[in-house]
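Hi,

Here's the structure I said I'd pass on to you. Have it open while you read, and my notes follow right after.

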Amino acid sequence: MKRFKLLFSIIFTFLVFSFIYILSYNLAEPKAYDFMTKHYLTKNLFFDTNKKVYGSDDILLVVIDAKTVEKYRWPWKRENYCKIFEYLNYAKPKLIVYDAIITTLDKENIESDRKFFRTLKKFNNLIVGFMPRFVKWENSEIGDRIDIKFANKFGLNVLDKSTKTPDLYKSIMSFPDEYFNSVKNIGSVSILPGFINGNISNWAVDEVYRNHEYIFRYKGAYYPSFALKSYLMLNDNPQIILTDKKLSFSEKDLSINQKKTYYQTITPLRFYNLYDTGYSHKNYSAVDVIDSYNSILSGKKPKLDPEIFKNKIVVIGANVPAGTGLNDNKNTSISVNHPGVDIQATAIDNIIHNDFLKVVPNWLNNLIAVLGMILVYAYIRFCNLQRSILSTFLIIIGYLIISTLCFYNCVVINVITPIMMFVLTTIIAYTHKFVLENKSKEKVKSAMGKYISQDVMKRVIQDIDNLGLGGKRANVTVLFSDIRGFTSMSEQMSPQQVSEILNEYFTEMEPIITRYNGVINKFIGDAVMAIFGEPIQDKNHPQNAVKCAYAMLQKVKELQKKWVKEGKPKIEIGVGINTGEVFVGNIGSINRMEYTVIGDTVNLASRLESYNKIYKTKLLISPTTYEEVKGFVDVIKISDVQIRGKANKMDIYEVLKVIL
């Protein structure tokens, strides 16, 4: 039974910890990650001015914003893009990243489209957007032809050493032929929401964008994101080496740690602080670029000096308030309205500057949590309450400081989950300690109850804080019982026989005394002293004491028959009862005290018991007791008895029968 309880406790505790761990990891940990990212990863602390908190100056944004569409009404002709591209061609940037997808022709402005496509053909350093989709091709035959075209023109050179998993994507947004033939480089604009830290990428639940998919497989071919394609073009297109954990490049030092899920390989974005404009990279309005290009054509000084964009990476995208179809804001760790074009720039910034987060492996996160839990449990188990609570509090505060410093130094560590484990350990440990202490108390109570009355024990426990010497005056009934001639009888028996008879006798007497609200004060050899009226409050204590004595005598008759059959000596008992005022309370020293009653009432009860030998009686009561019980007892009065210690003689009464 004990083994079953132990096994059940272990399984139950494990399930509780597992449930809280999963709950915290999936719900609380992503929020903690976002908080740390926003307040510590993207900020300077302790006057550390060397930390990079804003996006690189090498990456600039050209944004089609509200200011742009106010002047050039949307939807506009694509030749407006031509002005942006022509201006950038004049400015000579390293790369142009066009964060847009074109899937249809503008049939109302055919010539404008042609001009747009002719312009695109001029650029070898231009990357345009495309997007994989989760739905299958409506026409699989047409889809297969498009897939082959895309793979032949845009597929990557990959040395694949990863474990093969099912493809996440089922089709792609196809280009019009004219657009397909005009562009030379593509990158995926796809961004999936979710949380990465260890083993979980729960993007189906969490709608916050934190990760980047640098590379993905589709129909046997590999395709890059904007960021990966930018890195490849800036570094002469090195061969990609792909494993389950890393994305690396031949003859290059860069190695990107990835988390492989069932469908994807993803990497957390290292976000930067936002300017007042809401972007982490410097941005320029597309209308200013267009106007600057028009000024150059007319021989005027442009609003934006082309030197601004020289040798830069320029990302073109849209960010217009809702209602125009150009709103591409996402909810990220640092902003609920983070422009999509800036997220793409962030991913590019990360890879070209090797500026990645270092994610602590999940096994190390768990090891830290377990070690902390052991430390917390040890303090609680072996220290007093104040010290254990203080230690647990310091452990939690210390861990928060460590995790804050980790995020500040671009190291991602679990924040809330270990703390939840520490708190749960505290609860479990104190619960366990409480149970153990209760069991220990129950054992002590059970053991002490064999030496003192259970009722006295309850009184001590209830008023344990005020435990001390002293007591009160009270009216009680005292009962003494003694075995007749047991001393001489015991000399003829072995110690084992003496013990057996006494133990059986006391075992039978104790519940009778308890039944009538009596409290056994002490065993004196073969005698019993019991108190009625204290500490159990009972206004009928004289009646109950006499009834108790009569029941004890009846039980002895039953035991006599049993002992005779067993060959044991026949024993008789005598009982003396007196009612009166006594001192009741704790008597003794500070270090050793006893709950008892003292006074002349006690002495008289003892002497009445001894008079049973003289008068050959079994149950004698005092006059004060008789006055309380005379209505339901048959007695014989023994007149004018001289009681030792009493100046005057008194009547005492032998109880013959009690009407129960």
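Let's start with Pro535, which sits in the loop between β24 (527–532) and α16 (541–565). The peptide bond leading into Pro535 from Glu534 is cis, and its omega is near -10°. Before you go further, note that this is a predicted model, where local features need pLDDT of at least 70 and side-chain atom pairs count only at pLDDT 80 or more, while totals for chains, interfaces and linings use all residues. Residues are numbered from 1 along each chain as its sequence is written, and side-chain values use heavy atoms, with hydrogens and water left out.

Now the overall picture. The chain has 18 helices and 29 strands (both are DSSP runs numbered from the N terminus: H or I with at least four residues for a helix, E with at least two for a strand). Of its 660 residues, 50% are buried (buried is under 20% relative accessible area, exposed is over 50%, and partly exposed is in between, using a 1.4 Å probe and protein chains only). If you take contacts between residues at least 6 apart in sequence, 74% of them join residues at least 24 apart (a contact means heavy atoms within 4.5 Å).

Next, have a look at helix α10, residues 362–382. Its 21 residues should span 30 Å at 1.5 Å a residue, and the end C-alpha atoms are indeed 30 Å apart (the expected span is 1.5 Å times one less than the number of residues). Which residues of α10 are buried? They are Asn362, Asn365, Ala369, Gly372, Met373, Val376 and Ile380. Looking down the axis of α10, these buried residues fall within an arc of 105°, so they line one face of the helix (the arc is taken from the directions between the helix axis and the C-beta atoms). Trp363, Leu371, Ile374 and Phe382 are exposed on the other side of α10.

α10 also has a partner. Its axis comes within 8 Å of the axis of helix α11 (residues 385–408), and the two cross at roughly 160° (axes are lines fitted to C-alpha atoms, for helices over the stretch in contact, and angles run from 0 to 180 degrees between N-to-C directions). That makes α10 roughly antiparallel to α11 (under 35 degrees counts as roughly parallel, over 145 as roughly antiparallel, 65 to 115 as roughly perpendicular, and the rest as oblique). From α10, the contact is made by Ile368, Leu375, Val376, Tyr379 and Ile380, and from α11 by Ser388, Ser391, Thr392, Ile395 and Tyr399. The crossing of α10 and α11 is right-handed (the near helix is turned clockwise from the far one by less than a right angle; anticlockwise would be left-handed).

You can set that beside another pair. Helices α3 (residues 79–91) and α4 (residues 110–121) pack at about 25°, with their axes 8 Å apart. That makes α3 roughly parallel to α4. Here Glu79, Tyr81, Cys82, Phe85 and Glu86 of α3 meet Ser112, Lys115, Phe116, Thr119 and Leu120 of α4. α3 passes α4 in a left-handed crossing.

Is helix α9 mostly buried or exposed? In α9, 12 of the 13 residues are buried, so the helix is largely enclosed by the rest of the structure. Among them are Gly340, Asp342, Gln344 and Ile351. α9 covers residues 340–352 and reaches 19 Å from its first C-alpha to its last, close to the expected 18 Å. Just after α9, Asn354 takes a positive phi of about 50°.

Two more residues share that kind of phi. Asp236, in the loop between α7 (226–234) and β11 (240–242), has phi near 60° and is exposed, with a relative accessible area of 72%. Lys616 comes just after α17 with a positive phi of about 55°, and Lys616 is exposed as well, at 73%. α17 itself has 16 residues and reaches 22 Å, close to the 22 Å expected. Its buried residues include Thr601, Leu604, Leu608 and Tyr611.

One last thing to find: Lys259, in strand β14 (residues 259–260). Lys259 counts as partly exposed at 22%. Its C-alpha is 9.7 Å from that of Val359, 100 residues apart along the chain.

Have fun with it!
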